[in-house]
Amino acid sequence: MSRLPALALGLSIALVVGCAPPIEPRFSESASSGTRPAWTREDLDAVVTYAEEDGHGPVQDTSISRHGVVVVFAETVISYGVDPVRRVWRHDLPGEVVATALSPGGDILLVRHRDDIGPFGRERLLLVDTARGRVSVSETVDALEETAQVRLADESTQVTLADGLVEVSTPPFKEPDWTVDLDETCEEGRAREIALLSHTSTVLSAHGCEGEDATHVRALRTESGTAFWEQRWEGAEPPRLHSLSSEQVTGVDGDPLTLLFGEGTTGDSLFIDARTGSIATEVAPWSQVPELSSHLEAPLQDAEAAPKEIVLFDPLPREGRGRLYLAAARALVDDAEAPVALEDLDESLLIDGELMEHLGQWGASPDLMFGRLEESLNEALG
């Protein structure tokens, strides 16, 4: 039987899909003025409360971008500024949102929403500028599996995990640039309990295998999918994976430092440089405040022992390093047995008598504030 009718149908569907109207944001120039991202849990709670009363239905998810708080509803995505809380931009979508992901710097939001046309399940993939809501990429793509995980490794590189396959794709997202099957690392059975992270040059995965009492961790080059670091630990459960960035808010579920310091697992954690994929043998502030490890256990220095947590972080001051300093100082101040109190800290580090929570509250040069915090901790612990 001739395949021409089926081919014609496929071409007609492709033409309809390719002509989808552009999605334009509703942007408020006045609302964008004077607003900022969420820095504290109170900031985020205020946005969520406002969003729940904004008439778009239940809040599905929130992401803290560099320019505000992106709130996802069933078929609407809105970015709110903080202090005052107000809408900056809004997208009303023609289908249900199925996945969102922020770029590591918080400047680009990936949105996938349903776009079913014809007999095939389709989705629309958008790349949205979080400052103004402008769409830089809009492509119709195959629908994701229901359990798929989606990440952005950079401002235009999508990383997906579905059914044991890691795929990386770039615009126009029609075919993967590369694919890695995690099942191939298993001697028997399939990969299980898979976790996935990505940050610019590194895609990190951790998993166990059916029928094996072992854990596998692989670091892949985002550009090629080449594994440049692999580790297997016998008799260990897969570690939890975390990505540390300046956009996270202390005290909110999903913040890795709230978990690490709250559960006391800093000594069972392995920090990996997101730019190089190498293990950070020296992690500030432990490397800069020698006595700190007597009160807060220092992270692992090598890969011999199986970690409970792996943290993919950017060591630059405004990213992972600054948040680690603040988290360590807060943990010491909250510990009645540690010889550090609020009055031991430089007054410039306090707001209304409490230790600041976010790098954005420093205002002045981060290096200057690091110096003051290092000096205060060294004097109190020395």
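**Close-up views of a predicted model**

**View 1. Inside the largest cavity.** Val77, Trp89, His91, Leu93, Leu109, Val111, Leu126 and Val128 line the largest cavity of this predicted model. Three elements give two or more residues to this lining: β5 (86-92), β7 (108-114) and β8 (122-129). What kinds of residue make up the lining of the largest cavity? Sort them by class and you get 7 nonpolar, 1 polar and no charged. The space in the largest cavity comes to about 40 Å³. Searching the whole structure turns up 1 cavity of 30 Å³ or more.

**View 2. A look into the largest pocket.** Here we've moved on to a pocket, and about 1000 Å³ of space lies in this largest one. Its lining has 32 residues, and the closest to the pocket's centre are Ser63, Leu102, Ser243, Gln248 and Gly254. Which elements give two or more residues to the lining of the largest pocket? They are β2 (61-64), β6 (97-102), β10 (149-152), β14 (191-199) and β18 (240-244). β14 gives the most, with 5 residues. By class, the lining of the largest pocket splits into 14 nonpolar, 13 polar and 5 charged residues.

**View 3. Zooming in on Ser63.** Ser63 is one of the residues closest to the centre of the largest pocket, and you'll find Ser63 in strand β2. Is Ser63 buried or exposed? Ser63 has a relative accessible area of 16%, and because buried means under 20%, Ser63 counts as buried. Leave out residues up to four places away in sequence, and Ser63 touches Gly68, Val69, Val70 and Leu102. Leu102 pops up again here, as it is also among the residues closest to the centre of the largest pocket.

**View 4. The second largest pocket.** This pocket has a volume of about 430 Å³. It is lined by 21 residues, and those nearest its centre are Arg112, Asp142, Leu144, Thr160 and Glu167. At least two lining residues come from each of β8, β9 (135-142), β11 (158-162) and β12 (165-169). You've met β8 already, as one of the elements that give two or more residues to the lining of the largest cavity. How many residues of each class are in the lining of the second largest pocket? There are 9 nonpolar, 4 polar and 8 charged residues.

**View 5. Helix α4 and its buried residues.** Helix α4 covers residues 256-263, and its buried residues are Pro256, Leu257, Leu260 and Phe261. Why are they on the same side of α4? They cover an arc of only 110° around the axis, so they end up on the same side of the helix. Just after α4 comes Gly264, with a positive phi of about 65°.

**View 6. Ala274 in its loop.** Ala274 sits in the loop between β19 (269-273) and β20 (309-313). Ala274 is buried, with a relative accessible area of 0%. Phe313 is 39 residues apart from Ala274 along the chain, yet their C-alpha atoms are separated by 5.2 Å. Phe313 is also one of the residues that Ala274 touches; the others are His199, Ser201, Thr202, Leu312 and Asp314, again not counting residues up to four places away in sequence.

**View 7. How confident is the prediction?** The chain has a mean pLDDT of 87, with 91% of its residues at 70 or more. Residues 1-19 are a stretch to read with that in mind: here the pLDDT is below 50. Beyond near neighbours in sequence, this stretch has 8 contacts in the model.

Methods
Residues are numbered from 1 along each chain as its sequence is written. This is a predicted model: local features need pLDDT of at least 70, side-chain atom pairs count only at pLDDT 80 or more; totals for chains, interfaces and linings use all residues. Side-chain values use heavy atoms; hydrogens and water are left out. On a 1 Å grid over the protein atoms alone, a cavity is a set of points where a 1.4 Å probe fits but cannot get out, and a pocket is an open set with protein on both sides within 12 Å along at least five of seven lines; lining residues have an atom within 4 Å of a point. Grid points are joined across faces, edges and corners, and a volume is the space filled by probe spheres set on the points. Helices (H or I, at least four residues) and strands (E, at least two) are DSSP runs, numbered from the N terminus. Ala, Val, Leu, Ile, Met, Phe, Trp, Tyr, Cys and Pro count as nonpolar, Asp, Glu, Lys and Arg as charged, and the others, Gly among them, as polar. pLDDT is the predictor's confidence in each residue, from 0 to 100. Contact means heavy atoms within 4.5 Å. Buried means under 20% relative accessible area, exposed over 50%, partly exposed in between (1.4 Å probe, protein chains only). The arc is that of the directions from the helix axis to the C-beta atoms.
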